[in-house]
Amino acid sequence: MIFIDSLVFIYGLVLGSFFNVVAIRLLNKESLAFPPSHCVHCQHRLHALDLLPVISYLFLKGKCRYCKVSISPLYPFGEILTAFSIFFVYKLVGISYELIPSLLLTGLLVISVLTDIRKQLILDVVTFPILGGLVISRLFIGTEPFWYYLLGGLVGFTLLLFIAIVSNGGMGGGDIKLYAAIGVALGPKLTLMSLILASFVGAIAGLLLMIIGKLKRGQPMAFGPYIMIGCLISYGYGNFLWNWYMTFLL
Ligand SMILES: [Zn+2]
């Protein structure tokens, strides 16, 4: 049990290292396959020992082995974020068919967070293929009928479109398409719940960032991280929270 758990975590770290590469290269409109991993500063090709997730970063004290320029802490952050979120969904659904849509969703969320915090962008080249994969997987996998998940996609898309119009540019087009994919993964109820949670967490985080002076009033804030938190909590505990909330209404 512990063996499999550690294996899943290590697999998550490795996948996270790949997601970092995907996020950075797609933001820079570079090929995913070529050139091989290199230092973005001195272009020196990296060896296997430089590429161990988190460990290399700690071992090299956050600096390139060749030119000694600091490596962004976003690298180990992306690896740890991926490992924890994959571990989280694995613990939720176990080894089951549901792991397929949940991993697609997790991958999409992590890459979106990584591009959003770097350049406040959520990329169509990432969202569209994963949206397609989610639609196909929901044809075969899920506790609800297929139309329910499609409705979720429609609800996610419409809600975010509405927020984008009302907030007058506070929400980008990338967020709208991302929420269409989230909707297909979660279905309408959990999608709505995820958005409530994301807004709640985002509002608290925004307030805290303003208090410590990292964010100015009216300054745009990457919403991706809060979408991710909202989605994962909703995916895991949304039904529970929904029922709990309903006991107050009824
Ligand atoms: Zn270097």
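Which residues have the most contacts inside the largest nonpolar core? The views below come from a predicted model, in which local features need pLDDT of at least 70 and side-chain atom pairs count only at pLDDT 80 or more, while totals for chains, interfaces and linings use all residues. Residues are numbered from 1 along each chain as its sequence is written, and side-chain values use heavy atoms, with hydrogens and water left out.

**View 1. The largest nonpolar core.** This core, a set of buried (under 20% relative accessible area, 1.4 Å probe, protein chains only) Ala, Val, Leu, Ile, Met, Phe, Trp, Tyr and Cys residues joined through side-chain atoms within 4.5 Å, has 41 residues, and those with the most contacts inside it are Leu109, Tyr179, Ile182, Leu186, Ile227 and Cys231. Among the helices (DSSP runs of H or I, at least four residues, numbered from the N terminus) that each supply at least two residues of this core are helix 1 (2-27) and helix 8 (224-249), and the largest share, 12 residues, comes from helix 7.

**View 2. The surroundings of Tyr179.** Leaving aside neighbours within four places in sequence, Tyr179 is in contact (heavy atoms within 4.5 Å) with Gly156, Phe157, Leu160, Thr191, Ser194, Leu195, Ile227 and Cys231.

**View 3. The lining of the largest pocket.** A pocket is an open set of points on a 1 Å grid over the protein atoms alone, where a 1.4 Å probe fits, with protein on both sides within 12 Å along at least five of seven lines, and lining residues have an atom within 4 Å of a point. The largest pocket is lined by 34 residues, of which His38, Leu46, Leu51, Ile71 and Tyr75 lie nearest its centre, and helix 1 supplies the largest share of this lining, 7 residues.

Methods:
Buried < 20%, exposed > 50% of the residue type's maximum accessible area, 1.4 Å probe, protein only.
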